[in-house]
Amino acid sequence: MKKYNFYAGPSILPAEILNEAAKAVQNLEGTGLSILEISHRSPAFTAIIQEAQELVLELTGLQGKGYKVLFLQGGASLQFLMVAQNLMRTKAAYLNTGRWSSSAIQEAQLFGEVIEVASSADKNFTYIPTDYSIAEDIDYFHCTSNNTVAGTQIKEFPTLQAPLVCDMSSDLFSRMLDYSKFGLIYAGAQKNLGPAGTTLVIIKESILGKVNRQIPTMLDYKTHLAKKSVFNTPSVYAIYVSLLTLRALKEQGGMAAIEKKNKKKATLFYQALDALPAFEGIVEAAARSLMNITFKLTDSSRQEEFDNTWQKAGFVGLKGHRSVGGYRASLYNAQPLENVERLIDLLNKF
Ligand code: PMP
């Protein structure tokens, strides 16, 4: 039975990429060796990580602008800590838009003063605050571009003197942005890029070296920059599969083409939600995410009936996060339009 995968992460990967990734387990691109058994210092892997790093800069338009790309471990969760440890002298500003921003704030508080410029916690993170100001004397400003749990997305980013740091775990490579606005971008791979196990960090080198504290070797961005992301053994396989995604993104026409597809899918889905009396979106219209769409039944007594309906039809991963309830459809880059249309059909019939 065909499965329709709407998990929020780890999440759907294109069938062609899964095929190629499977082939590489037997024989990596004609080397006669498995991707699982080659040294991370071999010429084959060096070529893989370099190509991936170059493609990241190319797709984001950051080539030649002083940025470097790292593939680290520890997930986006470790970045909550590394960002603060590497960048915070005394104080930083944070925008609190959800579960993951809150975790980032908690870790940053270990290293200095955190100014929460605004929060949407008062309405269970169903909107993105826009009315706030950011002091000029901060070390950096941190925000979460897409809130995977709540289903909101920042549409416009502030322009600042201080570095803009962004957790783009659930919408990196999904839209056109002026990526040069950011001093540091990080994202766990397991949504729009590849399998879990590697975390992409794009960093403008000039923002480093401003703190006095001693940073443990593995947690210091400079360690990884100096060794081109192979200071120690990186997640070789996760990086390889991420490279396959990056190649496909380029072949498909880059950010402009992917944004167009993502807008089409999300618009269709929100239109259906707005038209059907049995369902309603959970978040404010202006903050609606193109990646994670949260919705609920208007009559919650029909929950069991609805759950049986989608589960029997082969849909997976539609349950909302426990802090939000309801449902969540994740429409990442790899989610085909056909799957979104099938889900809309299902809602229509229900
Ligand atoms: N930030 C965001 C926006 C996320 O969606 C997630 C994971 N769902 C995280 C951070 C945490 O990522 P990880 O599990 O890679 O630590």
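The following legends describe close-up views of a predicted model.

**Close-up 1. Helix α1 and its two faces.** Helix α1 comprises twelve residues, from 15 to 26. At 1.5 Å a residue, a span of 16 Å is expected, and the end C-alpha atoms lie 17 Å apart, in agreement with that value. Ile 17, Ala 21 and Ala 24 are the buried residues of α1. Viewed down the helix axis, these buried residues fall within an arc of 60 degrees, so they line one face of α1. Their packing partner is α6, which covers residues 236–251. On the face turned away from the buried side, α1 carries the exposed residues Ala 15, Glu 16, Asn 19, Lys 23 and Gln 26.

**Close-up 2. The open sheet β11-β12-β14.** Three strands form an open sheet in the order β11-β12-β14, and their pairing is antiparallel. The edge positions are taken by β11 (279–281) and β14 (327–330); each has a single partner strand, so one side of each is left without a neighbour in the sheet. From one strand to the next, the twist averages 35 degrees. Strand β12, residues 292–297, pairs with β14 in the antiparallel sense over four bridges. Within this region, Thr 294 stands opposite Arg 328 of β14.

**Close-up 3. Helix α8 across the sheet.** Helix α8, made up of residues 303–312, lies across β11, β12 and β14. Relative to β14, the helix runs at about 25 degrees.

**Close-up 4. The salt bridge between Glu 58 and Lys 250.** Twelve salt bridges are found in a search of the whole structure. In one of them, the side chains of Glu 58 and Lys 250 meet with an N to O distance of 3.1 Å. Glu 58 belongs to helix α2 (residues 43–60) and Lys 250 to helix α6, so the pair ties together parts that are 192 residues apart in sequence. Glu 58 is partly exposed, its relative accessible area being 34%. Lys 250 is likewise partly exposed, with a value of 44%.

**Close-up 5. The salt bridge between Arg 89 and Asp 139.** The side chains of Arg 89 and Asp 139 meet in a salt bridge at 3.1 Å, N to O. Arg 89 is located in the loop between α3 (75–87) and β3 (91–96), whereas Asp 139 is located in the loop between β4 (113–119) and β5 (141–144); the pair therefore ties together parts that are 50 residues apart in sequence. Arg 89 is partly exposed, with a relative accessible area of 46%. Asp 139 has a relative accessible area of 8% and is therefore buried, the limit for this class being under 20%.

**Close-up 6. The salt bridge between Arg 302 and Glu 305, and a salt-bridge network.** Arg 302 forms a salt bridge with Glu 305, and the closest N and O atoms of the pair are 3.1 Å apart. Arg 302 is partly exposed at 25% relative accessible area, and Glu 305 is partly exposed at 40%. Elsewhere, Glu 29, Glu 51 and Arg 247 are joined into one network by salt bridges that share partners.

Key: Residues are numbered from 1 along each chain as its sequence is written. This is a predicted model: local features need pLDDT of at least 70, side-chain atom pairs count only at pLDDT 80 or more; totals for chains, interfaces and linings use all residues. Side-chain values use heavy atoms; hydrogens and water are left out. Helices (H or I, at least four residues) and strands (E, at least two) are DSSP runs, numbered from the N terminus. The expected span of a helix is 1.5 Å times one less than its number of residues. Buried means under 20% relative accessible area, exposed over 50%, partly exposed in between (1.4 Å probe, protein chains only). The arc is that of the directions from the helix axis to the C-beta atoms. Contact means heavy atoms within 4.5 Å. Two strands pair if DSSP finds at least two bridges between them. Axes are lines fitted to C-alpha atoms, for helices over the stretch in contact, and angles run from 0 to 180 degrees between N-to-C directions. A salt bridge is a side-chain nitrogen of Lys or Arg within 4 Å of a carboxyl oxygen of Asp or Glu.
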